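Reader: I would like a close look at a single part of this model, and then at the parts around which the rest of the description can be arranged.

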Amino acid sequence: AGLFCIANTNGNPDYEKFQGFIDYACGILDCSPIQPGGSCYFPNYLVKHTTWVLNLFYKTRGVCNREIGLITNVNPCK
């Protein structure tokens, strides 16, 4: 169980904001797993990488960016 922060793709998602958040968060967190050659790089989809970074930020900082993310109890890794 537990809670996860995932990319919100409902409605009209703002993919530029997704990329902006990745750039911001990866400036302060270790995002090497979603870099080329990393364990979470494939599939190389912006939404998947955004979810990974949002959830890492949520787990380490306790904050889910509600502008682009949402809280769920469904594990995005399954």
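Where is the place of Pro43?

Author: The model is a predicted one, and what follows should be read with that in mind. Pro43 has its place in the loop between helix 1 (15-25) and helix 2. The peptide bond that leads into Pro43 from Phe42 is cis, with omega near 0°. As for a cysteine, Cys40 has 30% relative accessibility and therefore counts as partly exposed, lying between the limits of 20% and 50%.

From this loop one can turn to the disulfides, of which a search of the whole structure finds 2. When the bonded cysteines are counted along the chain, the pattern of the disulfides is 1-4, 2-3. One of them joins Cys5 to Cys64, with an S to S distance of 2.0 Å. This pair links distant parts of the chain, since Cys5 belongs to strand 1 and Cys64 to the loop between helix 2 and strand 2 (69-72), 59 residues apart. The torsion about the S-S bond of Cys5 and Cys64 is about 65°, and the disulfide is therefore right-handed. Cys5 counts as buried because its relative accessibility is 0%, and Cys64 likewise counts as buried because its relative accessibility is 9%.

A disulfide also joins Cys26 to Cys31, with S to S at 2.1 Å. Here the torsion about the S-S bond of Cys26 and Cys31 is about -90°, so this disulfide is left-handed. Cys26, at 23% relative accessibility, counts as partly exposed, whereas Cys31 is buried because its relative accessible area is 4%.

Helix 2, which follows the loop that holds Pro43, leads on to the largest pocket, to whose lining this helix gives the most, with 8 residues. About 390 Å³ of space lies in the largest pocket. Its lining is made of 18 residues, and those closest to the centre of the pocket are Lys48, Thr51, Trp52, Pro76 and Cys77. The elements that give two or more residues to this lining are strand 1 (4-7) and helix 2 (46-61). By kind, the lining residues of the largest pocket divide into 11 nonpolar, 5 polar and 2 charged. Strand 1 thus appears in both parts of the account, as the strand that holds Cys5 and as a contributor to the lining of the largest pocket.

Terms used
Residues are numbered from 1 along each chain as its sequence is written. This is a predicted model: local features need pLDDT of at least 70, side-chain atom pairs count only at pLDDT 80 or more; totals for chains, interfaces and linings use all residues. Side-chain values use heavy atoms; hydrogens and water are left out. On a 1 Å grid over the protein atoms alone, a cavity is a set of points where a 1.4 Å probe fits but cannot get out, and a pocket is an open set with protein on both sides within 12 Å along at least five of seven lines; lining residues have an atom within 4 Å of a point. Grid points are joined across faces, edges and corners, and a volume is the space filled by probe spheres set on the points. Helices (H or I, at least four residues) and strands (E, at least two) are DSSP runs, numbered from the N terminus. Ala, Val, Leu, Ile, Met, Phe, Trp, Tyr, Cys and Pro count as nonpolar, Asp, Glu, Lys and Arg as charged, and the others, Gly among them, as polar. A disulfide is a pair of cysteine sulfur atoms within 2.5 Å. Buried means under 20% relative accessible area, exposed over 50%, partly exposed in between (1.4 Å probe, protein chains only).
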